[in-house]
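Work through the exercises below with the sequence and the model at hand. Each task is followed by a solution in steps.

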Amino acid sequence: MPELADPLPPLRDVIAAHDLAAKKSLGQNFLLDLNLTRRIARAAGPLDGATIYEVGPGPGGLTRALLMEGASRVIAIERDARCLPALAEIADAYPGRLEIASGDALKIDERELLRMQNINGAVRVAANLPYNVGSALLVKWLTADSWPPFWQSLTLMFQREVAERLVAVPGTKAYGRLSVLAQWRASPRLLFDVDARAFTPPPKITSTLVRLEPLMVPVVLVELGDLEAVTAAAFGHRRKMLRQSLKSLAPDAEALIRSAGLDPTERPERLSVQQFGALARAWRIMVEAGEAPCKSPPK
Ligand code: SAM
């Protein structure tokens, strides 16, 4: 059940007491208004009885909100060791409900971390991420080898431009590799914008809260590596015709495109996720027939 207030001091006092001046190098822009973090926490729900994996709790504004809103457990990973004493105080105030791991979320094996906490089912992920790490983490979570993944929902703060790329439709400027990947395996949704002034210090950009849920069965059945290979080649030259942009994938790019049922003069930015899937399947067949070299997609 949600709680009306928590037993801890205001976040400004916590930051002052633990000398947690925000570090730009760690992408630190803190949310200090518990009404706002509680709204974000609710958007990550339903929380009653839920286990949450939080990345980058910092001084703990979202962590406290998740606990107040009824999460039964929060497992959080924070890279900045300066924040650990403040997070330990939250753990003391909510006995048995908060575990803090010290480390880099980009490097951690989440399944192993959760297994060590005796958590076997999928968890909900909630994070006000550093912008420089946000996209990399999302790609890590969307490209997991085992699917369905360790998460049952991701509720993440992104720079508005990145959020728009996640939900972009074909034919728009924002549509690209990230859109195809996110929409192939998940259902991204924009929830609400958060004004820069809500953060301390305020960043120069507007932020948007996004929610993704994994699709148990992807939009098209195709190997992730094959899909990545065709989207990398296609969006490498997004305004050229397909027959031009896919030359790096197959010597006879026109044959590849036609066998996927597509028009060689079409532009990559206009293809749907299903059409990229058809291209990836056609490319795999050509690779296996020795008609196209097998190459891994550029990072
Ligand atoms: N969640 C807090 C809030 O809403 O006020 C802090 C948000 S701040 C934008 C991002 C946090 O992520 C910082 O505390 C930073 O130290 C942490 N962080 C940055 N890179 C990280 C990484 N690779 N792994 C784990 N935490 C990271």
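**Exercise 1. Cis peptide bonds**

In which loop is the place of Pro-201? Then describe the peptide bond that leads into Pro-201, and treat Pro-148 likewise.

Solution. The model is a predicted one.
Step 1: Pro-201 sits in the loop that links strand S8 (199–200) with strand S9 (207–214).
Step 2: the bond from Thr-200 to Pro-201 is cis, with omega near -10°.
Step 3: Pro-148 belongs to the loop between helix H6 (131–142) and strand S6 (151–159). The bond from Trp-147 to Pro-148 is also cis, with omega near 5°.

**Exercise 2. A backbone angle**

Find the loop that holds Asp-19, and state the sign of its phi.

Solution.
Step 1: look between helix H1 (11–17) and strand S1 (30–31); Asp-19 is in that loop.
Step 2: Asp-19 is not a glycine, yet its phi is positive, at about 55°.

**Exercise 3. Helix H7 against helix H8**

Classify the crossing of H7 and H8 from its angle, and list the residues that meet.

Solution.
Step 1: the axes of H7 (residues 160–167) and H8 come within 6 Å, and they cross at roughly 55°.
Step 2: this angle makes H7 oblique to H8.
Step 3: the crossing is right-handed.
Step 4: H7 contributes Val-162, Arg-165, Leu-166 and Val-167, which meet Leu-178, Ser-179, Ala-182 and Gln-183 of H8. By class, this contact has five nonpolar, two polar and one charged residues.

**Exercise 4. Helix H8 against helix H9**

How are H8 and H9 oriented to each other, and which residues form their contact?

Solution.
Step 1: the axes of H8 (residues 177–185) and H9 (residues 224–236) come within 10 Å and cross at roughly 155°.
Step 2: angles over 145 degrees count as roughly antiparallel, and H8 and H9 are therefore roughly antiparallel to each other.
Step 3: H8 and H9 cross in a right-handed sense.
Step 4: on H8 the contact uses Arg-177, Val-180, Leu-181, Trp-184 and Arg-185; on H9 it uses Leu-224, Leu-227, Glu-228, Thr-231, Ala-232 and Phe-235. These residues divide into seven nonpolar, one polar and three charged.

**Exercise 5. The two domains**

Describe how domain 1 and domain 2 meet.

Solution.
Step 1: the chain is divided into domain 1 (11–214) and domain 2 (224–288).
Step 2: their C-alpha centres lie 34 Å apart. The contact takes 13 residues from domain 1 and 14 residues from domain 2.
Step 3: the two domains bury about 1,100 Å² between them, with 69% of it on carbon and sulfur atoms.

Terms used
Residues are numbered from 1 along each chain as its sequence is written. This is a predicted model: local features need pLDDT of at least 70, side-chain atom pairs count only at pLDDT 80 or more; totals for chains, interfaces and linings use all residues. Side-chain values use heavy atoms; hydrogens and water are left out. Axes are lines fitted to C-alpha atoms, for helices over the stretch in contact, and angles run from 0 to 180 degrees between N-to-C directions. Helices (H or I, at least four residues) and strands (E, at least two) are DSSP runs, numbered from the N terminus. Angles under 35 degrees count as roughly parallel, over 145 as roughly antiparallel, 65 to 115 as roughly perpendicular and the rest as oblique. A crossing is left-handed if the near helix is turned anticlockwise from the far one by less than a right angle, and right-handed if clockwise. Contact means heavy atoms within 4.5 Å. Ala, Val, Leu, Ile, Met, Phe, Trp, Tyr, Cys and Pro count as nonpolar, Asp, Glu, Lys and Arg as charged, and the others, Gly among them, as polar. Domain bounds come from an automatic or database domain assignment. Buried area is the accessible area (1.4 Å probe) that two parts lose on being put together, summed over both.
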